[in-house]
Amino acid sequence: MTEPTAAALPYGTPDAPRLAVRGEARLEIDPEIARITLTVSARGTDRKTALTDLTRRNEHALTLIKSYGDAVEKLETSSFTLTPQLTDKGRHERIRAYHGRVTLTATLNDFTALGELTTRLADLELTRVDGPWWALRPDSPAHRSARTQAVHEAVQRAREYAEALGARLEAVLEIADLGAEGPPQQQGYGFAAPGSARGAGLESAPALDLEPRRQTVYASVNARFTMTRPVL
């Protein structure tokens with residue numbers, strides 16, 4: 001029967017001390033996409049009238065957005081509602097009117113087209129526009145750049161600690177995203193909160209001059225190394 005292997009010392013040995021450091025990176029990046037939402041509304045005294053008006057306004061908004069071609073990366077219908085409004089008085093449930101609403105979300109990559117489209121949509125009948133919300137794509141190279149810089153920063157910090165003791169780094173034992181082990185912690189990387197604006201009805205629809213909000217990409221790693229015996 002073999003004897004159990006002794007657990008590794010958590011802080012290394014005098015001949016092979018361990019270093020534990022954190023590497024961080026924070027990048028300011030121009031946004032790659034912008035999202036806007038628009039809500040088309042209709043109201044009628046009967047269901048058919050409300051649906052007819054809502055369908056017409058929704059089709060008009062869709063046609064306008066699609067006319068911008070490749071500038072629009074994605075167009076989705078987020079929700080549709082048709083709600084009967086009851087009279088305030090009387091014992092019986094009598095419907096006074098119907099309220100219809102369709103919400104669309106559009107993602108654009110051309111910010112010049114975004115400014116023009118925003119005001120043209122806001123000029124439509126009973127249409128509310130919200131946004132823009134600036135963002136990076138999930139597969140943006142900025143995420144990799146931030147993680148790479150965080151690792152480089154961890155190595156540099158560990159090397160400086162070792163040199164301060166007259167030693168040098170010998171091996172890397174572990175590199176982990178912050179929060180990858182143990183209890184949940186702050187995410188390793190994230191984004192700044194987006195800006196927002198709201199459209200309103202206009203007599204004419206000149207293009208808005210929108211200033212993209214730069215995005216903050218953050219990465220953080222924990223790293224552990226061994227180093228040579230310090231010279232004390």
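This is a short walk through one sheet, one pair of helices and two buried residues in a predicted model.

Let me begin with the sheet, where three strands come together in the order β1-β8-β6 to form an open sheet, and the pairing is antiparallel. For anyone new to sheets, strands of this kind pair through backbone hydrogen bonds, in either a parallel or an antiparallel way. Here the edge strands are β1, which covers 18–29, and β6, which covers 169–177, and each of these pairs on one side only. If you follow the sheet from one strand to the next, the twist averages 30 degrees.

Looking at one of those pairings, β1 runs antiparallel to strand β8, residues 215–227, over 12 bridges, and as an example you can find G23, whose bridge partner in β8 is V221. Packed on the sheet is helix α3, residues 141–164, which touches β1, β6 and β8, and the direction of α3 makes about 145 degrees with that of β1.

Staying in this region of the sequence, please look at T228, which lies in the segment after β8. Is T228 buried or exposed? Its relative accessibility is 11%, and because the cut-off for buried is under 20%, T228 counts as buried. Setting aside the neighbours within four places in sequence, T228 is in contact with D15, P17, A167, R168 and E170.

Now I would like to turn to the helix pair, namely helix α1, residues 47–66, and helix α2, residues 111–122, which pack at an angle of about 165 degrees with their axes 11 Å apart. That angle makes α1 roughly antiparallel to α2, since angles over 145 degrees are counted that way. Which residues make the contact? From α1 they are A61, L64 and I65, and from α2 they are L117, R120 and L121. Sorted by class, this contact of α1 with α2 has five nonpolar residues, one charged residue and no polar ones. As for handedness, α1 passes α2 in a right-handed crossing.

The last stop is G44, which is found in strand β2, residues 33–44. With a relative accessible area of 7%, G44 is buried. Leaving out neighbours within four places in sequence, the contacts of G44 are T49, A50, A97 and Y98. You may also wish to locate P84, which is 40 residues from G44 along the chain, while the C-alpha atoms of the two are separated by 9.7 Å.

Key
Residues are numbered from 1 along each chain as its sequence is written. This is a predicted model: local features need pLDDT of at least 70, side-chain atom pairs count only at pLDDT 80 or more; totals for chains, interfaces and linings use all residues. Side-chain values use heavy atoms; hydrogens and water are left out. Axes are lines fitted to C-alpha atoms, for helices over the stretch in contact, and angles run from 0 to 180 degrees between N-to-C directions. Helices (H or I, at least four residues) and strands (E, at least two) are DSSP runs, numbered from the N terminus. Angles under 35 degrees count as roughly parallel, over 145 as roughly antiparallel, 65 to 115 as roughly perpendicular and the rest as oblique. A crossing is left-handed if the near helix is turned anticlockwise from the far one by less than a right angle, and right-handed if clockwise. Contact means heavy atoms within 4.5 Å. Ala, Val, Leu, Ile, Met, Phe, Trp, Tyr, Cys and Pro count as nonpolar, Asp, Glu, Lys and Arg as charged, and the others, Gly among them, as polar. Buried means under 20% relative accessible area, exposed over 50%, partly exposed in between (1.4 Å probe, protein chains only). Two strands pair if DSSP finds at least two bridges between them.
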